[in-house]
Amino acid sequence: MAYDMIKTVLNAESVAAANEKAAEKQAKAMCDEAAATAQTLAAAQIEQAKNQAKLILSEAQQTADGILKQAEKLAGMRRSKVIGDTEKKYDAAIAAVLQAIT
């Protein structure tokens, strides 16, 4: 009878030890999986940030190109206006030179 009680206790301890090892193994596997998932998520976030930075840089470049083209067009228009205004004054300038010479 004492043997049966001791055997039951030993069996229970053995089952408990096996369950504890299985639980430890499962907990380690869960921790490893969580670490791998966290690493994957971090890599995805870094890649997303890089892509967003590239997009912002591209938009900034397009904006800068647009501003440069507008500035070049405006400079051309101003140059044409100055040339036009100068040409309008040629007749008066020639007359003034001729009058000064004579």
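In this predicted model, Tyr90, Ile94, Val97, Leu98 and Ile101 come together as a nonpolar patch on the surface, and their combined accessible area is about 530 Å². Tyr90 belongs to helix 2, which covers residues 90-101. The relative accessible area of Tyr90 is 46%, and this residue therefore ranks as partly exposed, since that class lies between the 20% limit for buried residues and the 50% limit for exposed ones. Tyr90 also qualifies for a patch because membership requires over 30% relative accessible area and no salt bridge.

The helix that carries Tyr90 can be described by its length and its cover. Helix 2 consists of 12 residues, and the distance from its first C-alpha to its last is 16 Å. That span is close to the 16 Å expected at 1.5 Å a residue. Helix 2 is hardly covered, for among its 12 residues the number of buried ones is zero.

The wider chain gives this helix its setting. The protein chain contains two helices and zero strands. Helix 1 takes in residues 2-88, and helix 2 takes in residues 90-101. Along the principal axes, the C-alpha atoms of the protein chain occupy a box of roughly 150 × 15 × 10 Å. The radius of gyration of the chain is 44 Å, whereas a compact globule of 102 residues would have a value near 13 Å. Burial is correspondingly scarce in the count: of the 102 residues in the protein chain, 1% are buried. The chain exposes about 9400 Å² in total, and 64% of this area is supplied by carbon and sulfur atoms.

Distances between C-alpha atoms show how sequence separation translates into space. Met77 lies in helix 1, and with 52% relative accessibility Met77 counts as exposed. Between Met77 and Met30, which are 47 residues apart along the chain, the C-alpha separation is 70 Å. Leu41 also has its place in helix 1. A relative accessibility of 51% puts Leu41 in the exposed class, because the cut-off for that class is over 50%. Leu41 and Met77 stand 36 residues apart in sequence, and their C-alpha atoms are 54 Å apart in space. Leu57 is a further residue of helix 1, and Leu57 is exposed at a relative accessible area of 60%. The C-alpha atoms of Leu57 and Thr8 are separated by 72 Å, with their positions 49 residues apart along the chain.

Charged contacts complete the picture. Side chains of opposite charge can pair when their charged atoms come close. Under the rule applied here, the count is two salt bridges. In one of them, Asp32 is paired with Lys28, and the closest N and O atoms are 3.0 Å apart. Both Asp32 and Lys28 lie in helix 1, at a spacing of four residues, or about one turn of the helix. Asp32 is partly exposed, at 43% relative accessibility, while Lys28 is exposed, at 53%.

A salt bridge also joins the side chains of Lys81 and Asp85, with an N to O distance of 3.0 Å. Lys81 and Asp85 are separated by about one helical turn because they are four residues apart in helix 1. Lys81 has a relative accessible area of 55% and is therefore exposed. Asp85 has a relative accessible area of 28% and is therefore partly exposed.

Technical notes. Residues are numbered from 1 along each chain as its sequence is written. This is a predicted model: local features need pLDDT of at least 70, side-chain atom pairs count only at pLDDT 80 or more; totals for chains, interfaces and linings use all residues. Side-chain values use heavy atoms; hydrogens and water are left out. Patches are made of residues with over 30% relative accessible area and no salt bridge: like charges are joined within 9 Å, nonpolar side chains (Val, Leu, Ile, Met, Phe, Trp, Tyr) within 5 Å. Accessible areas come from the Shrake-Rupley method with a 1.4 Å probe; for residues, only the protein chains shown count as cover. A salt bridge is a side-chain nitrogen of Lys or Arg within 4 Å of a carboxyl oxygen of Asp or Glu. Buried means under 20% relative accessible area, exposed over 50%, partly exposed in between (1.4 Å probe, protein chains only). The expected span of a helix is 1.5 Å times one less than its number of residues. The radius of gyration is taken over C-alpha atoms; the globule rule is 2.2 Å times the number of residues to the power 0.38.
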